[in-house]
Every structure is written in structure tokens, then in C-alpha cells.
Amino acid sequence: MPAPAQRVLGTADDALVVPRGVFRFRTLGQWTSFNERYGMDTPGRPNGALEPLGIDFTRDTIGVRQFPNLDSLQAGLQALTGNPNWNATLGNTLVNLRDHVAAFPFVFEAGLSKRFSLGIQIPYVVTRTAVFFNVNTSGIQGNLGFNPAAFSNATAVAQDATMFSQFTASANSLQAALDNCAANPTAPGCPQLNAQRTDAQALVTSSRVFAGGVNQIYKTSPFVPIVGTDAQLAIEARVAAFKALYGSFAAFGVPAITTTGPFASQNRLTLRDAQTILTDPAFGITASPLQSTGHSHFGDIDIGGKLSVYDSFGGNTGARMSPHGLNFRTAVGGIFRIPTGQIESPDDFVDVGTGRGAKAVEGRWFGDVLVGGHFWQSFILRFNKPFADDQDMRIIDLPNEELAPAYRRQRVHRELGSAFEFETSPRIVINDFFAISGNYVYRHKAQDHYTGTFTIPAAITGFSDLTIDASTLDLETETKEHRLGGGLAYSNLYAFEQGNAKVPFEVTYLHWQTVKGWGGNQPKFFTDQIQIRLYARLFGGK
């Protein structure tokens with residue numbers, strides 16, 4: 001015989017306990033997709049407003065805020081251009097994300113006594129992230145590009161070397177003339193040069209500083225100003241000014257400067273360039289490219305039990321199959337979660353894991369209220385408490401600063417927030433085979449807590465010593481969610497009980513979606529689920 005039940009169980013969980021000697025096998029396919037989340041503290045948007053999932057990677061400008069090691073380059077170019085308000089930018093980015101998660105749990109349950117059953121759930125999970133990534137979308141953003149000289153462009157190396165050598169030769173020649181005239185003020189030409197000594201010495205000093213700064217940036221920096229942009233034009237204008245000033249001292253044997261300036265970057269960053277910045281260790285991020293990705297693995301395994309506390313049917317199968325009046329049953333249960341799933345990779349900014357990667361315990365309460373023979377409603381409470389563990393994470397200062405450099409990857413202590421769920425499912429049994437169901441879930445997950453403090457030396461950060469605190473990972477980890485759904489169930493349990501079916505089974509379909517959320521990182525889920533339940537008697541009689 002099958003497990004005692006209404007003629008049709010419905011699409012969601014309930015207070016029924018698999019009775020003694022009965023084995024129930026459940027398998028389901030659950031397909032979830034999402035491309036939006038309920039945001040928090042996003043400029044220009046109210047808290048709780050829906051926003052694109054890729055908003056943290058979409059930026060009007062990529063500059064010092066996203067890459068702090070651009071700070072020294074920005075300061076150097078401000079000095080070279082004479083513009084203290086000039087800001088470095090690699091351009092803008094546009095990222096659209098859509099995540100897909102397909103879960104296939106296999107659930108094995110066995111009734112060990114009239115009131116107690118044991119079960120294990122083994123999920124297999126397939127995740128896929130569809131990524132659209134573009135940079136400098138209109139072709140005019142950005143004032144920095146890859147430095148040709150730093151990537152061994154022979155023309156660029158030669159032009160930069162020529163400029164530095166010409167500035168050095170002119171400065172050295174004029175300084176030598178000044179030194180000679182200081183020692184021999186009556187020598188030919190010296191009265192005229194000494195009359196301009198102040199201006200000439202200032203020219204030598206300023207040109208050496210300028211040429212040294214240009215040489216430092218254009219010889220070693222991975223980024224330099226793009227040809228035709230304000231910074232490059234300002235530097236070339238200063239070169240022309242120095243060229244004219246040194247030309248006025250040609251009568252004193254000072255060689256001419258013929259260069260027009262250092263070799264500029266010839267192109268704005270392309271998508272391929274942006275992926276290189278993300279993946280090449282030379283740029284300090286050392287992560288996976290922003291591209292569509294996916295993987296499959298087992299999820300977290302649950303092992304648990306369920307105990308019937310009260311059942312107004314008193315174990316009478318006939319009464320359960322044809323209920324009358326008002327009835328009630330309740331049960332309690334619990335599971336232990338084994339962290340067999342894979343968590344998101346700290347080196348893949350758009351990765352979706354197949355599990356949380358943390359041990360957890362969960363307590364459950366189930367209650368069913370039945371009115372007559374066609375309506376019943378389940379109420380379920382769940383409380384999940386994860387255990388603390390240690391994980392490798394990239395520590396970011398703010399939740400929207402996803403492009404964290406490699407030195408921010410550290411081993412941190414993690415305490416995932418506990419989760420509370422309330423679920424209710426009204427069901428209307430249409431006939432001996434079909435039922436329709438509604439479903440509502442409220443879920444609240446408490447804030448995560450991360451600990452660990454790390455000091456990264458300037459030699460690694462590229463700009464200064466930096467202390468990072470893992471507690472910043474706590475931000476926007478508390479979430480709230482409301483789900484609504486409904487579905488259809490087919491069951492031949494009643495037919496089997498009457499001897500009119502050989503194999504007892506049920507098939508259900510459920511669709512649900514998030515209708516309201518809060519927390520900054522709460523996705524708006526759309527889920528479709530198909531479930532099959534099969535029953536068999538292992539021992540005991542009817």
C-alpha cells in the first residue's frame with residue numbers, strides 16, 4: 001500500500017510521515033533563472049527597487065576607485081599636464097548577467113515506525129551564467145590605453161628614448177654652459193648667458209623633472225594617455241614649449257629638441273584588452289574573464305528525519321483517503337546538511353556555486369488543516385543554522401566593488417547567517433486524481449559575519465601599505481524574500497488503494513517567483529519544478 005495520504009498530496013511539503021515499512025522515492029527537476037535583484041544603497045534608486053544583476057560591474061568610468069594602483073599614475077600625469085583636476089579613466093563598462101540554476105534532487109525516505117521516517121536528499125546541480133560584457137561602448141570613453149612601449153613596441157620604445165635623450169642632452173649642455181660662465185663670466189657669450197641665468201637654470205631644472213616624469217610613466221606604466229586626448233595633448237604642448245625655450249639658447253651651443261613628445265597609446269581599450277586586465281597577473285587582479293560560464297556538481301546533501309506528533313485520522317487509511325469534517329495533523333523534523341556542494345570561486349566574479357559549502361542543522365515544524373474532503377492547507381516553519389568555517393574570499397570594502405585585486409584574496413573566518421522560513425500551501429482536491437495548489441513562502445536570512453584582519457605591504461599593493469578587514473563582507477548579506485506560486489498535482493494513490501493501479505505514484509508541477517525582496521543581494525527568482533514520487537512497501541503488512 002502507499003503511504004497514507006489524501007487522495008492527492010499536492011505540490012509542496014506537508015505534515016505527512018512515511019509510515020512503517022514504506023519506501024518513498026522522490027526526484028524532481030527544478031529550473032531557476034534570475035537577472036534582477038532587489039537593490040540597496042544604489043545611487044538614484046530607492047532601497048528595494050529592482051535593478052540589473054550586473055549593475056555592480058556596469059560603470060560610467062573605471063578609474064582610481066576601481067584600481068587604486070592607478071593613483072600614482074594619475075598623480076604623475078596631473079603633474080606632467082599641469083592640471084590637478086585631471087582624472088584617469090580606462091573607459092566605461094556594460095555588463096548584463098542572467099543566471100540559471102537547474103537542480104535535480106534525489107530523495108530517499110523510509111518509514112521506520114508508524115510515526116517516524118528517515119530520509120536523505122542528494123542534489124545534483126547545474127549552474128550557468130550568461131554574460132554580456134562590453135567596454136567603451138560609444139568608442140569615445142577613456143583617456144588611458146595600453147602603453148605600446150611597455151609591450152615592446154619598437155617604434156614607441158625608440159620615440160620615448162629619443163625624447164628622454166634629447167631633453168637630457170639639452171639640459172646637460174645648458175647646465176655646462178651655465179657652469180662655465182659662472183667660472184668665466186667674461187668668456188665669449190657669457191655676459192649674455194649670465195643675464196639670463198635665472199631663467200636658464202629654471203629651464204634646466206623644470207625640463208629635467210618633466211623629462212624624468214615622462215620617462216618614468218611612458219617607460220614602465222602599463223597605461224598611458226591615448227593619442228589626441230587632453231592629457232597627451234597637454235604633454236605634447238609642454239614638449240613644444242620646452243623645445244622653443246631651449247631653441248632660444250642655441251647660440252650657446254645647446255642642441256635642439258626635435259621630438260614632438262612621448263609615444264601615446266593608439267587605441268582605447270577593447271573587450272579583449274579588458275579581459276586581459278582581469279586575467280593577466282601583471283595587472284594585479286588575476287581572475288577569470290567576465291564571460292559566460294557554467295559547471296555542474298553535487299549540491300549539499302541533507303540527512304534527516306520526521307516525527308508525527310499528532311494525527312486526527314489516527315492512522316486510519318480509509319479515513320485519510322476520504323476525509324470528512326475538520327482534521328489536523330502535525331509533525332516535527334530536522335536535517336543535518338553536509339557541505340558537498342561547491343561554493344562560488346573567489347577568482348570568478350560571476351560564478352554561481354552548487355551549494356553553500358557549510359555544515360548546517362535545520363529544524364522543521366509541519367501542520368496540516370483539512371476541511372471536508374476537498375480542501376486542506378499546510379503550514380511549515382523552518383530554521384536553518386549554519387556552522388562557522390574558514391573560506392578563501394576576496395575582501396571588498398563595499399558590496400558594489402566587485403573587481404577586487406588578487407591581494408585581497410585571503411582566508412577568512414565565516415559565519416553564515418541563520419535563515420527562517422514560513423511556508424503555506426492551500427490545496428483544493430478536484431477529484432480522485434487531481435488537485436490544484438497555491439504556495440507562499442516568506443524567508444529571512446540573517447546577516448553573515450566574517451572576521452580576519454590583514455595588512456598588505458606597499459610592495460604588493462603598488463601604492464601603499466593597506467589594512468583590510470573581512471567584516472566589510474558582512475554588508476548586504478541580510479535578505480528578506482516573499483514568494484508566490486501555484487501548481488497542479490496528479491496522483492493514482494487512491495486508485496492503487498482500490499486495486500485499480502499497479503504502481504503508486506504522483507506527479508506535480510509548481511511555478512513560483514519572488515514578488516518582493518530586500519537586502520541588496522536578494523535576486524528575483526523565477527522557478528519551475530516538476531516532481532515525481534514513487535512508493536513501495538519494504539516490510540510490514542497492509
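# Reading a disulfide, sheets and loops

Modeller: A disulfide joins C181 to C190, with an S to S distance of 2.1 Å. The model is predicted, and this link is a convenient place to start.

Colleague: How many disulfides does the structure hold?

Modeller: The structure holds one.

Colleague: Which hand does the link of C181 and C190 have?

Modeller: Read the hand from the angle about the S-S bond. Here that angle is -75 degrees, and the link of C181 and C190 is left-handed.

Colleague: Is C181 buried or exposed?

Modeller: C181 is buried, as is its partner C190.

Colleague: Let us turn to helix packing. At what angle do α2 and α4 pack?

Modeller: Start with the angle and the axis distance. Helix α2 covers residues 154-183 and helix α4 residues 197-220; they pack at about 155 degrees, and their axes are 9 Å apart. Angles over 145 degrees count as roughly antiparallel, so α2 is roughly antiparallel to α4. The crossing of α2 with α4 is left-handed. As for composition, the contact of α2 with α4 has 15 nonpolar, six polar and three charged residues.

Colleague: Now the sheets. What is the general idea of strand pairing?

Modeller: Strands of a sheet pair through backbone hydrogen bonds, and the pairing is either parallel or antiparallel. For a case here, take the open sheet of three strands in the order β13-β14-β17, with antiparallel pairing.

Colleague: Which strands stand at the edges of that sheet?

Modeller: β13 (389-394) and β17 (449-451) do; each has a single partner strand, so one side of each is left without a neighbour in the sheet. On average, neighbouring strands of this sheet are turned by 45 degrees against each other, direction ignored. Between β14 and β17, which run antiparallel, there are three bridges. To place the register, note that H413 stands opposite T451 in β17.

Colleague: What is the strand order in the sheet that holds β2?

Modeller: The order is β3-β2-β22, in an open sheet of three strands with antiparallel pairing. β3 (50-52) and β22 (522-523) are the edge strands, and each pairs on one side only. β2 (residues 36-38) is joined to β22 by two bridges, and these strands run antiparallel. The bridge partner of R37 in β22 is P523.

Colleague: How many bridges does β23 make with β1?

Modeller: Twelve bridges pair β1 (residues 22-34) with β23 (residues 526-537) in the antiparallel sense. One point of register is F23, whose bridge partner in β23 is A536. β23 is also joined to β21 (residues 505-518), by nine bridges, and these two strands run antiparallel. H511 has D528 as its bridge partner in β23.

Colleague: Strands can also be read by their faces. Which residues of β18 form the covered face?

Modeller: In β18 (residues 453-456), F454 and I456 form the covered face, while T453 and T455 form the uncovered one. β18 runs antiparallel to β19 (residues 466-469), and four bridges join them. I456, from the covered face, has L466 as its bridge partner in β19.

Colleague: Next, residues outside the strands. Where is L416 found?

Modeller: L416 is in the loop between β14 (409-415) and β15 (419-429). Buried means under 20% relative accessible area, so L416, at 5%, counts as buried. Sequence separation and distance in space should be read together. L416 and A358 are 58 residues apart in sequence, and their C-alpha atoms are 8.1 Å apart.

Colleague: How many residues separate L16 and K306 in sequence?

Modeller: The separation is 290 residues, and the C-alpha to C-alpha distance is 8.9 Å. L16 lies in the segment before β1. L16 counts as buried because its relative accessibility is 3%.

Colleague: Finally, backbone angles. What is the phi of D41?

Modeller: Look for a positive phi in a residue other than glycine. In D41, phi is near 60 degrees. D41 sits in the loop between β2 and β3. Its relative accessible area is 60%, so D41 is exposed.

Colleague: Is N136 buried or exposed?

Modeller: N136 counts as buried because its relative accessibility is 7%. N136 lies in the loop between β5 (116-135) and β6 (144-146). Its phi is near 45 degrees, again a positive value in a residue other than glycine. Thus D41 is exposed, whereas N136 is buried.

Technical notes
Residues are numbered from 1 along each chain as its sequence is written. This is a predicted model: local features need pLDDT of at least 70, side-chain atom pairs count only at pLDDT 80 or more; totals for chains, interfaces and linings use all residues. Side-chain values use heavy atoms; hydrogens and water are left out. Buried means under 20% relative accessible area, exposed over 50%, partly exposed in between (1.4 Å probe, protein chains only). Two strands pair if DSSP finds at least two bridges between them. A disulfide is a pair of cysteine sulfur atoms within 2.5 Å. Axes are lines fitted to C-alpha atoms, for helices over the stretch in contact, and angles run from 0 to 180 degrees between N-to-C directions. Angles under 35 degrees count as roughly parallel, over 145 as roughly antiparallel, 65 to 115 as roughly perpendicular and the rest as oblique. A crossing is left-handed if the near helix is turned anticlockwise from the far one by less than a right angle, and right-handed if clockwise. Ala, Val, Leu, Ile, Met, Phe, Trp, Tyr, Cys and Pro count as nonpolar, Asp, Glu, Lys and Arg as charged, and the others, Gly among them, as polar.
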